Amino acid sequence: MEYFDRERLASKPAEELITLGIESSCDETAAAVLRGGRGLLADVISTQVPIHRKFGGVVPEIASRNHILNVLPVVDEAIKQAGLKLADIDQIAVTCGPGLVGALLVGVAAAKSLAWSLEVPLIGVNHLEGHIFANFLSSPDLTPPFVALVASGGHTALVNVLDYDRFRLLGQTRDDAAGEAFDKVARVMGLPYPGGPEIDRLSKEGNPQAIDFPKALARDGYEFSFSGLKSAVLNYLNSQKLKNIPVHKADVAASFQQAVIAILVEKSLAALRETGLDTLALAGGVAANSALEAELRRATGEAGYKFYFPNRRLCTDNAAMIACRGYYQSLTDNYEHNDLTLNAVPGLSLSDR
Ligand code: KG4
Ligand code: ZN
């Protein structure tokens with residue numbers, strides 16, 4: 001027997017559908033309410049960053065416990081901000097992967113119990129696809145096809161977004177993600193977690209040409225590799241220390257950031273050229289990097305391409321992007337909503353669809 005009321009769902013025009021989004025893959029517990037595909041009514045994020053900062057990174061067990069405490073309060077707050085009641089929700093989109101298994105399970109369990117009690121359907125969403133869809137919320141004029149550069153704490157990939165439900169993975173990182181490299185380099189420089197925003201800030205006072213770090217994997221099609229660059233920065237810091245030469249942290253930050261940006265820009269432009277598409281959309285936490293955004297804007301502008309990126313709040317983890325992704329997923333032909341056996345898939349990847 002079906003757990004949701006299919007007739008009620010079918011009776012509502014798609015642009016009127018109210019989607020509740022839930023996100024708990026890492027260290028933000030978030031809920032959002034969306035009308036149609038792009039009408040954001042509420043976007044609530046409870047961040048655990050101050051809790052994990054003491055440990056220099058996310059502690060999975062602590063993340064799960066805090067998600068348990070926060071998940072229902074953020075849902076309640078989102079419904080309240082939207083000026084709605086729980087009974088107004090038509091469908092629930094929840095991140096089911098990739099991410100920390102214990103963290104994901106909290107959002108998935110909350111979404112399943114709400115779906116069952118409200119008799120509304122459940123949509124399991126790939127978090128990385130969610131990041132791409134954040135662009136639709138920031139830019140109402142954006143429509144597929146376009147090339148998406150996804151750069152987050154766990155992933156770095158170039159994707160050909162052919163349509164709302166057709167993606168081709170062009171290439172991804174072989175080792176560290178761009179955000180991971182930012183966080184690791186920041187950590188050895190004694191900067192707080194998360195390191196990306198710290199390096200971004202410090203770089204503004206430094207010279208990006210000061211140190212010639214290797215550009216991360218300039219060959220090999222659309223694949224990325226950031227572990228060699230990370231090691232080069234660590235070796236540089238160690239060798240200066242051994243020689244008793246004080247390091248200019250802002251120069252190290254700016255030179256490292258420049259090396260990451262150079263490769264992201266180079267490969268994004270290559271993807272645009274070779275796919276023949278004229279639009280690039282940036283996605284994921286690293287999209288919040290001001291120098292990356294500026295450099296991509298300049299490079300795409302010079303080459304005559306259009307460039308989109310989500311506003312800062314929508315770059316890092318949030319539930320609005322999950323609701324948006326879930327909404328478009330539910331509109332695809334013959335879409336089958338998830339049943340209540342939906343499970344967390346920590347290793348879920350971005351793949352062809
Ligand atoms: O997408 P996200 O919020 O979480 C994941 O899905 O991983 O990305 C978090 C990553 C972290 O590595 C963080 O350091 C990085 O995004 N990040 C930044 C900036 N803001 C966040 N990296 C560089 N510059 C920033 N301004
Ligand atoms: Zn993310």
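**A tour of helices, a buried strand and an open sheet**

Helices α6 and α9 are roughly antiparallel to each other, because an angle over 145 degrees counts as such. Bear in mind throughout that this is a predicted model.

**Stop 1: α6 against α9**

Select residues 178–188 for α6 and 249–275 for α9. The two helices pack at an angle of about 170 degrees. Their axes lie 11 Å apart. Now show side chains. From α6, pick A178, A181, F182 and V185. From α9, pick F256, Q257 and V260, which they meet. Colour this contact by residue class: six residues are nonpolar, one is polar and none is charged.

**Stop 2: strand β9**

Move on to residues 279–283, strand β9. Is this strand enclosed or open? All five of its five residues are buried, so β9 is largely enclosed by the rest of the structure. Look along the strand to sort its side chains. T279, A281 and A283 point one way. L280 and L282 point the other way. Both sets are buried.

**Stop 3: the neighbours of β9**

Add residues 146–151, strand β6. β6 and β9 run parallel, joined by four bridges. One pair to label is V150 with its bridge partner A283 in β9.

Next add residues 306–308, strand β10. Three bridges join β9 to β10, and these strands also run parallel. Here L280 stands opposite F307 in β10. To see how the chain gets from β9 to β10, select helix α10, residues 290–303. The path goes through α10, and this β-α-β crossover is right-handed.

**Stop 4: the five-stranded sheet**

Now turn to an open sheet of five strands. Read across it in the order β3-β2-β1-β4-β5; the pairing is mixed. Which strands form the edges? They are β3 (39–47) and β5 (122–126), each pairing on one side only. From one strand to the next, the twist averages 20 degrees.

Zoom in on β1 (residues 18–23) and β4 (residues 91–97). These two pair in the parallel sense over four bridges. Label G21, which stands opposite A93 in β4.

**Stop 5: helices on the sheet**

Show α4, residues 101–118. This helix packs on the sheet and touches β1, β4 and β5. The direction of α4 makes about 160 degrees with that of β4.

Finish with α5, residues 127–138. Helix α5 lies across β1, β2 (28–35), β4 and β5. Compare its direction with β5: α5 runs at about 95 degrees to that strand.

Definitions and conventions: Residues are numbered from 1 along each chain as its sequence is written. Chains are lettered from A and ligands numbered from 1 in the order in which they are written. This is a predicted model: local features need pLDDT of at least 70, side-chain atom pairs count only at pLDDT 80 or more; totals for chains, interfaces and linings use all residues. Side-chain values use heavy atoms; hydrogens and water are left out. Axes are lines fitted to C-alpha atoms, for helices over the stretch in contact, and angles run from 0 to 180 degrees between N-to-C directions. Angles under 35 degrees count as roughly parallel, over 145 as roughly antiparallel, 65 to 115 as roughly perpendicular and the rest as oblique. Contact means heavy atoms within 4.5 Å. Ala, Val, Leu, Ile, Met, Phe, Trp, Tyr, Cys and Pro count as nonpolar, Asp, Glu, Lys and Arg as charged, and the others, Gly among them, as polar. Buried means under 20% relative accessible area, exposed over 50%, partly exposed in between (1.4 Å probe, protein chains only). Two strands pair if DSSP finds at least two bridges between them. A crossover is right-handed if, with the strands pointing away from the viewer, the path from the first strand over the helix to the second runs clockwise.
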